[in-house]
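Open the model in your viewer and follow along. Each stop tells you what to select and what to look for there.

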Amino acid sequence: MTAPLYAAGFTTAFGAHGIAANLGADSGDAVTSLLVLGGLLALYDGAEVVLKPLFGTVADRIGARLVLLGGLVAFAVASALYALADSPGWLWAARLGQGAAASAFSPAASALVARLNPAARHGRAFGSYGFHKSVGYTLGPLLGGVLVWAGGLRLLFTVLAVLGAAVAVWALVVVPVVPPLPRARQTLLDLARRLADPVFLVPAAALAGATAALSVGVGFLPVSGAAAGLGTVATGAAVSMLAACAAVVQPRAGRALDAGRITVRGGLGAGLLLAAAGLGCAMLPGVVGVLLGASLIGVGTGLITPLGFAALAATTPRERLGQTMGAAELGRELGDAGGPLLVAGVAAAATLTYGYGVLAVLLACGPVLAAGLLRRRG
């Protein structure tokens, strides 16, 4: 019943990283400069930042299953655009369409994971969902590179079109109809108050911090590895280890939450401290710092992700789950972009070591700030 939802999570992760990692490698005359490459990379994330909260609200209004199916079909169509047309203009359109489609089916899938599982299994359910997304992030660059090597960028887009269509059909057959629940009227002020409540703000901020650490690890640990004399294979293995650690930890963290062995507050705090420790290790010179940094960042983000989403699902009215998941996904996208920008800005002014240190300090302060917010709320 929920397996197609996990497949949807894999699809958005595989599509995002599979194409992003290979756009500059083989895109014909579509990528003519680094500026064009940056624009193509930003289209996907930019669409998600703008549209995820909107589609989350739409999912609450008309039903998450319908938004899920529509988003998957749109993803397949957008992917097929470039596979068929193979022109620079259609590449821009396809990338924008993929991002908009992922903005629809990603929060809808998260909301359905919460709706279709009892509260006592939310940790396990979101752990499995996060595991499949991590697998997509891990395999995207690797399998995407193989596909581009075998048949060019058009083959990768063709595979994504088939994948999106297959998951849509699977969801149509397996995922039950979950009708939208009656909702009380909500003003913009009511929405602002709910999103500013520490019950939402703490897990959402933890998810954003985890995504920031993950993005920095994926983007900058290879730079540190190269400075230490490591080759591309070794640095790629380090990044893969980061993603693998996150994938392995997430289901276990979810099961531990459901069994009462850990709490949301303790788990989120521990995850932030582990990610901060990983960034601190990345400041160390040599291969040891790279490997320890990758491992600890992966474990920390793997601990935070299922606990954060389970906490949001537990404290959100069921008729507002789509809106909440969309807002939380927006926070993750901001962390995804903000973390690397912060580290890069500090690195430009000083060194990359200081960039790691600044983000590590911010993450380490997270548990203290969260405790203060929750204590103030009472």
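**Stop 1: K52**

Select K52. K52 is buried, because its relative accessible area is 1%. Buried means under 20% relative accessible area, exposed over 50%, and partly exposed in between, with a 1.4 Å probe and protein chains only. K52 lies in helix α2, residues 34-62.

This is a predicted model: local features need pLDDT of at least 70, side-chain atom pairs count only at pLDDT 80 or more, and totals for chains, interfaces and linings use all residues. Residues are numbered from 1 along each chain as its sequence is written, and side-chain values use heavy atoms, leaving out hydrogens and water.

**Stop 2: around K52**

Add E333. The side chains of K52 and E333 share a polar contact of 3.2 Å. A polar contact is a pair of N or O atoms within 3.5 Å; within protein, one must be able to donate a hydrogen and the other to accept it, and residues adjacent in sequence count only if both atoms are side-chain atoms.

Now show what K52 touches, leaving aside residues up to four places away in sequence: A47, A102, S103, S106, P107, G326, E329 and E333. Contact means heavy atoms within 4.5 Å.

**Stop 3: helix α9**

Select residues 264-282, helix α9. Its end C-alpha atoms are 27 Å apart, which agrees with the 27 Å expected for 19 residues at 1.5 Å a residue. That expected span is 1.5 Å times one less than the number of residues. Buried residues in α9 include G267, L268, G269 and G271.

**Stop 4: the whole chain**

Zoom out. The chain has 12 helices and zero strands. Helices (H or I, at least four residues) and strands (E, at least two) are DSSP runs, numbered from the N terminus. Of its 378 residues, 49% count as buried.
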